[in-house]
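Subject: Structure handover

Hello,

Here is the structure you are taking over. Please open it before reading my notes, which follow below.

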Amino acid sequence: LGPDKFAKGVNLHLQRYRHGNATADDFFRSLGEAAGDAKVVTAMRTFTDQTGVPLVSAVENAQGIALTQARYRPLGVAASAPQTWMIPLCLARGENRSCSVMQGASVTVPKVAGNGPLMPNAGGAVYSRFRLDDAGWDQLIAAAATLPGKEALAVADSLWADFDAGTASFERVIAAARALSRNPERLAVIELGYRLKDLASSALTEQQRTQYHALMLSIYGPRLTALGLNVKPGAHAREPTQAQALRQSLLPLVALEGRDPKLRAQLATAAAAYVGGDTQALDPAFRGVALMVAVQERGAPFMTQLQGAMLKSTDSLFRQHGAEALGAANTPEQAQESLRLALAPGMQSLETVQILFGLAIFALGYAAR
């Protein structure tokens with residue numbers, strides 16, 4: 001379709017059915033007319049009339065690129081009846097693209113000219129996941145730092161899905177996380193980091209968690225160090241918004257997951273000063289993470305001080321950050337203190353829920369240890 005044909009189809013549809021009702025098929029037909037291709041209707045219906053996400057496997061061979069499709073299934077999910085979609089695929093190698101509509105369970109298409117790795121979802125535009133063989137993944141991961149943002153995100157999503165299905169190694173996920181941590185796109189940088197965080201919260205032993213912290217610090221610490229961090233209010237205000245947003249997204253990965261000791265000391269000191277009344281000690285953009293670190297590093301005395309500041313405050317965002325911090329306990333003793341403070345007079349019901357939710361996550365992870 002492309003943006004021009006899509007806009008033409010939308011305008012046609014709005015004019016045709018203004019002041020009236022229309023179905024999804026009516027909309028698809030308008031798009032098909034604008035594109036000059038009635039197959040658009042059939043292709044759209046394969047996505048709207050059945051559940052699931054298509055998984056496209058791509059393997060290069062002497063004849064071309066062999067493509068097969070099936071419904072994506074994570075590990076442990078039972079197989080369902082075979083499904084196929086009409087998938088508008090664009091394969092890319094560098095700036096070169098080859099686009100077609102994939103019909104049926106398998107097809108072989110000509111190789112894409114040029115050098116560099118094969119990208120099965122050019123522009124990250126298609127609602128599907130892809131799977132590559134070992135050589136294909138390794139080549140694509142090696143180029144991940146320089147991929148356009150949407151393609152880098154598609155790589156992160158498809159590789160994690162491949163790992164979740166039991167067909168990609170954890171080592172390959174780590175290699176991709178390292179490569180993507182150097183990508184210019186913020187969401188591509190952090191995607192696998194937050195996937196790893198969710199996995200670690202419930203699946204690691206104490207010894208593994210120590211290794212996990214070191215791993216996360218080695219992946220994301222260098223990028224945050226390159227950006228720099230000054231926690232004073234407005235210290236980074238003149239930077240591009242993309243750099244500011246990336247710093248804020250990296251901070252919890254390095255401070256909470258990577259457990260960088262110098263960074264944690266800096267944040268805990270600033271949080272204590274802020275809660276003590278020095279509002280110039282800590283930028284609100286970093287406040288939530290800093291309060292969590294201070295709870296974990298300073299324990300009950302700081303937690304009591306924080307709750308007292310919350311009860312006196314009319315700043316709803318500060319109170320939210322405080323509740324989330326009190327729920328960030330990482331020892332049984334801290335969890336007991338958080339529970340006591342959560343149920344104390346003056347705490348709002350939503351704040352109590354926020355604290356209890358955080359404690360439930362801690363309890364799940366602690367039980368796994």
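How many helices and strands does the protein have? The protein has 15 helices and six strands; these are DSSP runs numbered from the N terminus, with H or I over at least four residues for a helix and E over at least two for a strand. The model is predicted, so local features need pLDDT of at least 70 and side-chain atom pairs count only at pLDDT 80 or more, while totals for chains, interfaces and linings use all residues. Residues are numbered from 1 along each chain as its sequence is written, and side-chain values use heavy atoms, with hydrogens and water left out.

Overall picture

Along the principal axes, the C-alpha atoms fill a box of roughly 70 × 55 × 45 Å. Of the 369 residues, 45% count as buried. Buried means under 20% relative accessible area, exposed means over 50%, and partly exposed lies in between (1.4 Å probe, protein chains only). Among contacts with a separation of 6 or more, 61% come from residues 24 or more positions apart; a contact means heavy atoms within 4.5 Å.

The sheet

Four strands form an open sheet with mixed pairing, in the order S5-S2-S1-S6. Strand S5 (106–109) and strand S6 (129–132) stand at the edges with a single partner strand each, so one side of each has no neighbour in the sheet. On average, neighbouring strands of this sheet are turned by 25° against each other, direction ignored. Here axes are lines fitted to C-alpha atoms, for helices over the stretch in contact, and angles run from 0 to 180 degrees between N-to-C directions. Strand S1 (residues 54–61) and strand S2 (residues 64–71) run antiparallel and are joined by eight bridges; two strands pair if DSSP finds at least two bridges between them. Ala58 stands opposite Leu67 in S2.

The core and helix H7

Leu67 also appears in the largest nonpolar core, which has 92 residues. Leu67, Tyr220, Leu267, Phe302 and Leu306 touch the most other members. A nonpolar core is a set of buried Ala, Val, Leu, Ile, Met, Phe, Trp, Tyr and Cys residues joined through side-chain atoms within 4.5 Å.

Leaving out residues up to four places away in sequence, Tyr220 touches residues that include Val189, Leu192 and Gly193. These three are among the buried residues of H7. Helix H7 (residues 186–203) has 18 residues and reaches 27 Å from its first C-alpha to its last, close to the 26 Å expected at 1.5 Å a residue. The expected span is 1.5 Å times one less than the number of residues. What covers the buried residues of H7 includes helix H5 (149–164), helix H6 (170–180), helix H8 (206–227) and helix H9 (241–257). At the N-terminal end of H7, Glu185 acts as a cap, with a side-chain oxygen 3.1 Å from the backbone nitrogen of Leu187. A polar contact is a pair of N or O atoms within 3.5 Å; within protein, one must be able to donate a hydrogen and the other to accept it, and residues adjacent in sequence count only if both atoms are side-chain atoms.

Arg259 and helix H10

Where is Arg259 placed? Arg259 is in the loop between H9 and helix H10 (261–275). Arg259 counts as partly exposed because its relative accessibility is 25%. Its phi is near 55°, a positive value in a residue other than glycine. A polar atom of the Arg259 side chain lies 2.9 Å from the backbone oxygen of Leu256. Not counting residues up to four places away in sequence, Arg259 touches His213, Val254, Arg264, Gln296 and Asn330.

One of these, Arg264, is among the buried residues of H10, as is Leu267. H10 has 15 residues and spans 21 Å from first to last C-alpha, close to the expected 21 Å. Asp260 caps its N-terminal end, with a side-chain oxygen 3.2 Å from the backbone nitrogen of Lys262. After H10 comes Gly277, whose phi is positive, near 120°.

Two further loop residues

His19 lies in the loop between helix H1 (2–16) and helix H2 (24–35). His19 is exposed, because its relative accessible area is 85%. Ser313 sits in the loop between helix H12 (300–312) and helix H13 (316–326). Ser313 is buried, because its relative accessible area is 18%. The Ser313 side chain reaches the backbone nitrogen of Asp315 at 3.0 Å.

Regards
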